[in-house]
Every structure is written in structure tokens, then in C-alpha cells.
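User: Hello! I am new to this structure and would like to learn how to read its features. Could you take me through them?

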Amino acid sequence: KLRASGPVTVAEYMREALTNPGQGYYTCRGGVGESGDFITSPEISQVFGELIGIWYISEWMAMGKPNTFQLVELGPGRGTLTEDILRVFKQLASVLSKCDVSVHLVEVSPKLSEIQAVMLTGGKVQPNPEDKSAYMEGITKTGIPIFWYRDIQDVPPGYSFYLAHEFFDALPIHKFQRTEKGWREVLVDIDPEVPDQLRFVLSPSRTPATQNFIQPEETRDHVEVCPEAGVIVQRLASRIEKDGGAALVADYGHDGTKTDTFRGFRNHKLHDVLSAPGTADLTADVDFSYLRKMAQGRAATLGPIKQREFLKNMGIDLRLQVLLQNSGDTATRKQLLHSYDMLMNPEKMGDCFNFFALLPHHRLVHPDKKDKSDSKSPLPPVAGFNELLLK
Ligand code: SAH
């Protein structure tokens, strides 16, 4: 493609490298997990998914226990997170007894959707004809209807709890560099000196993306923007505004402060993003300030707050104590403590991972009390988020 039509944007490069139907990293390799290229929190500890399951139940109760909801996960990887959440739903079946729950997974990778189907249904799935919005459906091991889609737009409307864990960081970013001549977009090109090697170049003039995505008040010299993440957050916010529910986003990221975060992982090691595209995971930190902006006031936002604070507020310490008391052997106890440390240690995943939520405005501010600042809101606080940032 580069030979035929010249340099491409980093976003185009990333999209091809990750999701090209024939050779994309996720479509063909999909290496989540210990034996893959990178490890994620749900793969480290069952406690992570359990606490997220409790978050949804807590929000469901706070929103008046609607009699039906869809659990919608974007980019479910191996399906481990959904499995841990469904286990909590099953354990709390008496609480959820009158509620009709269904599971909806948005996944582009045929390889990973197969792994998810085995994990969640034991293989009890059927492919759907092309005219159906869900490309596959089945029944989970816990007896809940489950559906697979390629795009969030295909998920039926309705009261929904959305989940995106390490999903937004996999979406394509544009990169921009401030120069003496103004903003220029970073492009990927073939190195003329070394055949088969790629290199970064700057666009000779402004590109459409430079015009559209750089804020006039921007102070950084290098900026990454993920328009696809913006579009998805807009959709989530509109759906939540219209049909109710909530979205929980967890990812590594920043609040509009970082610059160059584009990197690759292969076999749990850093990998040059430009070498052997399609064989390594490519990722960039999520800019939560951009997500907040793209919610466009249709939904209220909370966070980002650090993973260790969120999990602490969700009761991870108590859960760990219970599991430690219930485990007889030293190896299991050691494993529990090790995985707790991975999730919570500020030097590991505790500080760089963040939680961010989208909620209907009425969940945070009682509609008729909006203007009376002295009135005490009777609304229960949102679990996990210490500080309520009403933006
Ligand atoms: N949430 C999982 C996996 C994270 S890896 C976990 O935490 O373990 C990213 C996931 O997003 C993979 O399942 C990948 O196939 C999927 N994905 C990447 N780009 C996507 C896109 N554009 N649309 C839907 N899914 C996508």
C-alpha cells in the first residue's frame, strides 16, 4: 500500500496493523494473556472482574432496579472479564431474580470471538446469516442469551451497562508535531535508504486531520488524537441519554497532558511500532480529557481516577481477606497476594490505569434540585469513585 500510494497517517497504519482482515494483529494473533503478548487485569485476578460486576449491580440498584438490562462489552479479549462478571450475577441471582439480563459483545476479531464463545458458552453458539445484526449468538454457561457484533451501532437500543477495558487504547490514533511552520501530521513511510524498513516522516503541509483535531488552545508540542474513540464515546453518551444505563471505561491513560505514548508489545516486551506490523500489539494511552469532551454534555462523566483508588473504594481489601481465609494452600495465597500487588501497586498497574464513567445526568443531580446548590441530594454516591467530578 505504501509502495503504491505513498505515506499513510499513523491512524491508517495502526488500523491496518491491528485489524486488517487477513493480517491484522487482533484478527489473526489476538495475543491477550500470559501465553500471548500482553497481560490485562482480568487475566491477572478474578477479583478485578468480580468488583466490576458489583459496580454494575450497585448502579442497577441505584437507578431503581429496571426490569431488564443489556451488558455490553467492547473488545472482550478472551472473555475472562465477562465471565467473572456473570459469576457475580449468578451469585447474586436472588437480587437480580426479576431482571432480564442479556450479554452483547462487540468484537472484530474472529479468532478472539471463538475463544470468547468457548469460554462463555462452552461452544454453544450459532453463526447468524449476514442480514442479522449479530454475527453469532448463543446461551452462556449461566443461562443468559449472548450476542456478538462488529460495531457498537449494531447493538440493539435499550437500557444498557457498557464496559470497555483496554479497548480504547487499541483504537487508531493520529499523531501531530508542532513545527516552526505550524502543526504537521506524523506519517508512516518506507525508508528510502533501507528497503523493507519503515520510518516516520512529517507531512509537508497541514493535513485535514491537523485542521480538525488540534485545539487552538493546545500547549503541547506533540499531540495524539483518537477520533474513533471520540465517535464511540458520542454514541455511548447518546445511548445512555436516550435509553439509560451507564458506561465504565478502564484503561491506561492521562487527562490531556501526555505527548508521545504510541508503543508496541510482543511477548510481553516493548516492540518497535514500525517493525513487522501485524505481529505486535500497538497501543497508545487514552486521553480521558478528549473522551469527556466528546460526551458533549449528553451524559455526565466521572473520573478518571486511579485503578488502585477505584478498586480500594470497591472493597478489594476485604475481598482479598476473604479469599485468603478460604484458601488452604500456601501457593494459592502467594498467588492471591502477587496478583493483588500487580493490580494495586502504584509502580505496576495501580497508578497508570484509570477508571472513567458515563452516567445519565439524573444519576448525579436530582433534576429538580439542579439549581439549588444548598439542597442535599438524596442520590446514593457512585461506587468506586471517591470524588464526584460533575462535568
Ligand atoms: N478487554 C480485554 C481485551 C483487551 S485487548 C481485556 O482486558 O483482557 C483489545 C480487544 O479489543 C480485543 O478483543 C480486540 O480484538 C478488540 N478490538 C480491537 N479493535 C477493535 C475494534 N475496532 N472494534 C471492536 N473490537 C476491537
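User: Which residues lie nearest the centre of the largest pocket?

Analyst: Happy to help! Keep in mind that this model is predicted. A lining is best read from its centre outwards. Here, G75, V106, V108, F167 and L171 lie nearest the centre of the largest pocket, out of 37 residues that line it. The space in this pocket comes to about 710 Å³.

User: Which elements each supply at least two residues of that lining?

Analyst: To answer that, go from single residues to helices and strands. For the largest pocket they are helix 2 (10-19), helix 4 (41-44), helix 6 (80-91) and helix 10 (227-243), together with strand 2 (68-74). Sorted by class, the lining has 19 nonpolar, 10 charged and eight polar residues.

User: How do I read the second largest pocket?

Analyst: Take the same steps again: volume, centre, elements, classes. Its volume is about 500 Å³. The lining has 19 residues, and L2, Y13, E16, L198 and P277 are the closest to the centre. Two or more residues come from helix 1 (2-5) and likewise from helix 2; helix 2 gives the most, with four residues. By class, this lining has nine nonpolar, five polar and five charged residues.

User: Now the helices. At what angle do helix 13 and helix 14 pack?

Analyst: For a pair of helices, look at angle, distance and handedness. Helix 13 (residues 316-326) and helix 14 (residues 330-344) pack at about 165°, and their axes are 10 Å apart. An angle over 145 degrees counts as roughly antiparallel, so helix 13 and helix 14 are roughly antiparallel to each other. The crossing of helix 13 past helix 14 is right-handed.

User: Which residues make the contact?

Analyst: Helix 13 brings I316, D317, L320, L323 and L324, while helix 14 brings R333, L336, L337, Y340, L343 and M344. Nine residues of this contact are nonpolar and two are charged, with no polar ones.

User: How many cavities of 30 Å³ or more does the structure hold?

Analyst: One. About 50 Å³ of space lies in this largest cavity. Its lining consists of S45, V47, I316, L320, L336, S339, Y340 and L343.

User: Which element gives the most to that lining?

Analyst: Helix 14, with four residues. Helix 13 and helix 14 each supply at least two. I316, L320, L336, Y340 and L343 line the cavity and also belong to the contact between these helices. The cavity lining has six nonpolar residues, two polar and no charged.

Methods:
Residues numbered from 1 in each chain as written. Predicted model: local features only at pLDDT ≥ 70, side-chain atom pairs only at ≥ 80, totals over all residues. Heavy atoms only, no water. Axes fitted to C-alpha atoms, helices over the stretch in contact; angles between N-to-C directions. Parallel < 35°, antiparallel > 145°, perpendicular 65-115°, else oblique. Left-handed = near helix turned anticlockwise from the far one by under 90°. Contact = heavy atoms within 4.5 Å. Nonpolar A, V, L, I, M, F, W, Y, C, P; charged D, E, K, R; others polar. 1 Å grid on protein atoms, 1.4 Å probe; cavity = no way out; pocket = protein on both sides within 12 Å on 5 of 7 lines; lining within 4 Å. Points joined across faces, edges and corners; volume = space filled by probe spheres on them.
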